[in-house]
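Visitor: I'm new to this structure and would love a close look at one part of it. Could you take me to the sheet and the helices that pack around it, starting from the beginning of the chain?

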Amino acid sequence: MKVLTVCGLGQGTSLILKMNVEQALGDKGIQADVEHTDVSAASSMQADYIITSNELAESLTDHSANVIIVNNYFDMDEINQAIEENFTE
C-alpha cells in the first residue's frame with residue numbers, strides 16, 4: 001500500500017504529517033510505504049491513499065487515490081481517526 005502526505009511545497013508540514021501517519025499506521029499494525037510530496041507532484045504520482053488538508057484536497061479530486069482530509073497535521077487523535085475511518089487493509 002502506498003500513502004502520500006501532501007502539503008503545498010512538499011517540505012516541512014508534509015514531512016511532519018508523514019512521520020505522524022507512519023506512527024499511527026505502525027500502532028495499528030498496518031504496513032505502508034509513506035512518502036511526502038507537494039500537491040503538484042502528487043497529482044501525477046501513484047498512490048492508494050493521499051492524506052492532506054481540505055484546501056489541497058480540492059486540487060486532487062481527479063486522482064485515483066482515496067483522498068483523506070486531516071486539518072491538523074500535529075493532532076494524533078485526528079490522524080488516528082482518519083486512518084480508522086478510511087483505511088482498509
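Guide: Let's begin with Met 1, which is partly exposed, since its relative accessible area is 35% and partly exposed covers the range between under 20% for buried and over 50% for exposed. Please keep in mind as we go that this is a predicted model. Met 1 sits in the segment before strand 1. Setting aside residues up to four places away in sequence, Met 1 touches Ile 30, Gln 31, Ala 32, Asp 33, Asp 48, Tyr 49, Phe 87 and Thr 88. Glu 58 makes a useful second landmark: 57 residues separate Met 1 from Glu 58 along the chain, and their C-alpha atoms are 23 Å apart.

Now for the sheet itself. The sheet is open and has four strands, arranged in the order 2-1-3-4 with parallel pairing. Strand 2 (33–38) and strand 4 (66–69) are at the edges; each has a single partner strand, so one side of each has no neighbour in the sheet. From one strand to the next, the twist averages 25°.

Helix 1, made of residues 12–27, packs on this sheet and touches strand 1 (2–7), strand 2 and strand 3. The direction of helix 1 makes about 165° with that of strand 2. After helix 1 comes the loop that leads to strand 2, and Gly 29 is found there. Gly 29 counts as exposed, because its relative accessibility is 52% and the cut-off for exposed is over 50%. From Gly 29 to Asp 75 the C-alpha separation is 20 Å, with the two residues 46 apart along the chain.

Let's move to strand 3 and look at how it is paired. Strand 1 and strand 3 are joined in the parallel sense by three bridges, and in this pairing Leu 4 stands opposite Ile 50 of strand 3. Strand 3, residues 49–52, also runs parallel to strand 4, with four bridges between them. Here Tyr 49 has Asn 66 of strand 4 as its bridge partner, while Ile 50 stands opposite Val 67. Ile 50 therefore gives you a handy place to read across the sheet, because it faces Leu 4 and also Val 67 in strand 4, and pairing here is judged by bridges between strands.

Which way do the side chains of strand 3 point? In a regular strand, side chains alternate between the two faces of the sheet. In strand 3, Tyr 49 and Ile 51 point one way, Ile 50 and Thr 52 point the other way, and all are buried.

Take a step across to Val 67, which lies in strand 4. Val 67 is partly exposed, with a relative accessible area of 24%. Val 67 and Ile 50 are 17 residues apart in sequence, and 4.7 Å separates them in space from C-alpha to C-alpha. Leaving out residues up to four places away in sequence, Val 67 touches Ile 50, Thr 52, Ala 57 and Leu 60.

Our last stop is helix 4. Residues 76–86 form helix 4, which lies across strand 3 and strand 4 and runs at about 150° to strand 4. Helix 4 also packs with helix 1: their axes are 10 Å apart and meet at an angle of about 60°. That angle makes helix 1 oblique to helix 4. The crossing of helix 1 past helix 4 is right-handed.

Who takes part in this contact? From helix 1 come Leu 17, Asn 20, Val 21, Gln 23, Ala 24 and Leu 25, and from helix 4 come Met 76, Ile 79, Asn 80 and Ile 83. Sorted by kind, the contact residues are seven nonpolar, three polar and no charged.

Two members of helix 4 deserve a closer look. Met 76 lies in helix 4 and, not counting residues up to four places away in sequence, touches Asn 20, Gln 23 and Ala 24. The C-alpha atoms of Met 76 and Gly 12 are 17 Å apart, with these positions 64 residues apart along the chain. Asn 80 lies in helix 4 too, and it is buried, with a relative accessible area of 17%. Apart from neighbours within four places in sequence, Asn 80 is in contact with Ala 24 and Lys 28. Ala 24 is thus a shared name, appearing among the contacts of Met 76 and those of Asn 80.

How values were computed
Residues are numbered from 1 along each chain as its sequence is written. This is a predicted model: local features need pLDDT of at least 70, side-chain atom pairs count only at pLDDT 80 or more; totals for chains, interfaces and linings use all residues. Side-chain values use heavy atoms; hydrogens and water are left out. Two strands pair if DSSP finds at least two bridges between them. Axes are lines fitted to C-alpha atoms, for helices over the stretch in contact, and angles run from 0 to 180 degrees between N-to-C directions. Contact means heavy atoms within 4.5 Å. Angles under 35 degrees count as roughly parallel, over 145 as roughly antiparallel, 65 to 115 as roughly perpendicular and the rest as oblique. A crossing is left-handed if the near helix is turned anticlockwise from the far one by less than a right angle, and right-handed if clockwise. Ala, Val, Leu, Ile, Met, Phe, Trp, Tyr, Cys and Pro count as nonpolar, Asp, Glu, Lys and Arg as charged, and the others, Gly among them, as polar. Buried means under 20% relative accessible area, exposed over 50%, partly exposed in between (1.4 Å probe, protein chains only).
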